[in-house]
Amino acid sequence: GTVEFRDVSFHYPSSDKNVLEHITFQAKRGETVAFIGATGSGKTTLVSLAARFYDATEGTVLVDGVDVRDYTFDALYDRIGYVTQKAILFSGDVRGNVLFGASRGKDSDADVQKALELAQASEFVDRMPGGIHAPIAEGGTNVSGGQKQRLSIARAIAKDPKIYLFDDSFSALDYKTDVTLRRALKEETDNATVIIVAQRISTVLHANQILVLDDGRLVGKGTHAQLMATCPEYQEIARSQLSQKELNLQDLNTGKEDE
């Protein structure tokens, strides 16, 4: 489950300007590593490299110590549960959408139900006619944005991957659902590597390591408390989103800020 970037830079084929410059970090099994930064700072591009939607222009991206370019796509995607920024659903039913792309995971109704419960999706799926067999329209046009995101998260959970990549996957959720979902995920993903891209600082507060991106460069790395003491870019984000009471919390692992 280890994901490592070694001095990675990247620019799109249509441009010579780097979107990411000299990014180095390691996310180990059992850890949650979060990326935060302004729009256009390169966060989504970074997770796209981990999933090998693109290849690094310079440097190396490794999964379990192996260059991602040396994996077959099947072998790489068997390891990864990727929830994209824009939730994607297909015509069919809830069950088929949750099990789409399943690899290491099982495919019983009970497994589907468990994934839905962890993703905080069972409360609305159970109300749909047919439950897990309820129809889903192409593109998920018959469910809300937050419901689509929760179904996409359930799909990643059902895969039982070694690595979770969440690309701003909690943005359409209300704060209470976000907190409950992340708490349930933490218990389920204790033995997996979790990489989160987020706009909301409340989503990343408890990460083992927070990495701050600014215009494609890594400008800060550490816990929330460490970054509040050392990283002006992170301080600016925190002060724009958190109340003074939240900023003054000393023990961020007690969950008090979630009350």
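Reader: How are helix 4 and helix 6 set to each other, parallel, perpendicular or oblique?
Author: Oblique, because angles under 35 degrees count as roughly parallel, over 145 as roughly antiparallel, 65 to 115 as roughly perpendicular and the rest as oblique. Helix 4 (residues 109-118) and helix 6 (residues 145-158) pack at about 125 degrees. Their axes are 8 Å apart. This is a predicted model, where local features need pLDDT of at least 70, side-chain atom pairs count only at pLDDT 80 or more, and totals for chains, interfaces and linings use all residues. Residues are numbered from 1 along each chain as its sequence is written, and side-chain values use heavy atoms, with hydrogens and water left out.

Reader: What are the axes and helices here?
Author: Axes are lines fitted to C-alpha atoms, for helices over the stretch in contact, and angles run from 0 to 180 degrees between N-to-C directions. Helices (H or I, at least four residues) and strands (E, at least two) are DSSP runs, numbered from the N terminus.

Reader: Which hand does the crossing of helix 4 and helix 6 have?
Author: It is right-handed. That means the near helix is turned clockwise from the far one by less than a right angle; anticlockwise would be left-handed.

Reader: Which residues make the contact?
Author: Helix 4 gives A115, L116 and L118. Helix 6 gives L151, A154, I157 and A158. Contact means heavy atoms within 4.5 Å.

Reader: How many of them are nonpolar, polar or charged?
Author: The contact has 7 nonpolar residues, no polar and no charged ones. Ala, Val, Leu, Ile, Met, Phe, Trp, Tyr, Cys and Pro count as nonpolar, Asp, Glu, Lys and Arg as charged, and the others, Gly among them, as polar.

Reader: New topic. How many residues has the largest nonpolar core?
Author: It has 50 residues. V94, L116, L151, F166 and Y234 have the most contacts inside it. A nonpolar core is a set of buried Ala, Val, Leu, Ile, Met, Phe, Trp, Tyr and Cys residues joined through side-chain atoms within 4.5 Å.

Reader: Where does the largest share of this core come from?
Author: From helix 6, with 6 residues. Another core, of 28 residues, lies apart from it, and F10, L20, F25 and I195 are among its members.

Reader: What does Y234 touch?
Author: Leaving out residues up to four places away in sequence, Y234 touches I36, I201, L205, I210, V212, H224, L227 and M228.

Reader: And F35, buried or exposed?
Author: F35 is buried, because its relative accessibility is 0%. Buried means under 20% relative accessible area, exposed over 50%, partly exposed in between (1.4 Å probe, protein chains only). F35 sits in strand 3 (residues 32-37). Beyond four places in sequence, its contacts include F25, K43, L46 and I195.

Reader: Where are S202 and T203?
Author: T203 is in the loop between strand 10 (193-198) and strand 11 (209-214). S202 is found in the loop between strand 10 and strand 11. T203 is buried at 6%, and S202 is buried at 12%. Neighbours within four places aside, R182 is one of the contacts of T203, and S202 touches R182 and Y175.

Reader: What about phi of H22?
Author: Phi of H22 is near 50 degrees, a positive value in a residue other than glycine. H22 lies in strand 2 (residues 20-27) and counts as exposed at 51%.

Reader: What is phi of D215?
Author: Positive, about 55 degrees, and D215 is not a glycine. D215 lies in the loop between strand 11 and strand 12 (217-222). D215 is partly exposed at 48%.
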